[in-house]
Amino acid sequence: LVADGELGRHFYVTLLEFSIGFGSAIVIGVGFGLIMALSKPVEGYFTPILSGLMAVPTVTIIPLLIFWL
């Protein structure tokens, strides 16, 4: 894998996918957080949903996501 450069290509693609996903999560998360902080109706709507999701252990959400996807 190293000799023919395939490992480098795969590493680059993995790093690119990670960077795009992480960057998107930051932009969406910060944007959504700012909207919630500046708008009381949006905060009032999403706070119970987010609080409910935070109360559920991650281990129980993973199988639901697997079935949903």
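## A walk along three helices

Of the 69 residues in this chain, 1% count as buried. Keep in mind that you're looking at a predicted model.

**Start with the whole chain.** Show it as a cartoon and read along the sequence: the pattern is α-α-α. That makes 3 helices and 0 strands. Now turn the C-alpha trace around; along its principal axes it spans about 55 × 30 × 15 Å. The radius of gyration is 18 Å, while a compact globule of 69 residues would be near 11 Å.

**Switch on the surface.** You've got about 6,100 Å² of accessible surface here. Carbon and sulfur atoms account for 80% of that area.

**Color by confidence.** The average pLDDT for the chain is 91, and 99% of the residues score at least 70. Where do you find the highest and the lowest confidence in the chain? Helix 1 comes out highest, with a mean of 95, and helix 3 (residues 58–68) comes out lowest, with a mean of 83. As a rule of thumb, coordinates shouldn't be read in detail where pLDDT is low.

**Select helix 1, residues 6–38.** Then pick out F11, L15, F18, F22, I26, V30, L34 and L38 and show their side chains. Together they form a nonpolar patch on the surface, with about 900 Å² of accessible area between them. Zoom in on L15, which is one of the patch residues and sits in helix 1. Is L15 buried, exposed or partly exposed? Its relative accessible area is 44%, so L15 is partly exposed. To join a patch, a residue needs over 30% relative accessible area, and L15 has 44%.

**Move on to helix 2, residues 40–55.** Select K40 and E43 and show their side chains as sticks. They meet in a salt bridge, 3.4 Å from N to O. How many salt bridges does the structure hold? The count is 1, so there's no need to hunt for another. Why are these two side chains placed to pair up along the helix? K40 and E43 are 3 residues apart in helix 2, so about one helical turn separates them.

**Finish by coloring the pair by accessibility.** K40 is exposed, at 62% relative accessible area. E43 is partly exposed, at 27%. The cut-offs at work are under 20% for buried and over 50% for exposed, which means that E43, at 27%, falls in between.

Note on methods. Residues are numbered from 1 along each chain as its sequence is written. Side-chain values use heavy atoms; hydrogens and water are left out. Helices (H or I, at least four residues) and strands (E, at least two) are DSSP runs, numbered from the N terminus. The radius of gyration is taken over C-alpha atoms; the globule rule is 2.2 Å times the number of residues to the power 0.38. Buried means under 20% relative accessible area, exposed over 50%, partly exposed in between (1.4 Å probe, protein chains only). Accessible areas come from the Shrake-Rupley method with a 1.4 Å probe; for residues, only the protein chains shown count as cover. Patches are made of residues with over 30% relative accessible area and no salt bridge: like charges are joined within 9 Å, nonpolar side chains (Val, Leu, Ile, Met, Phe, Trp, Tyr) within 5 Å. A salt bridge is a side-chain nitrogen of Lys or Arg within 4 Å of a carboxyl oxygen of Asp or Glu. pLDDT is the predictor's confidence in each residue, from 0 to 100.
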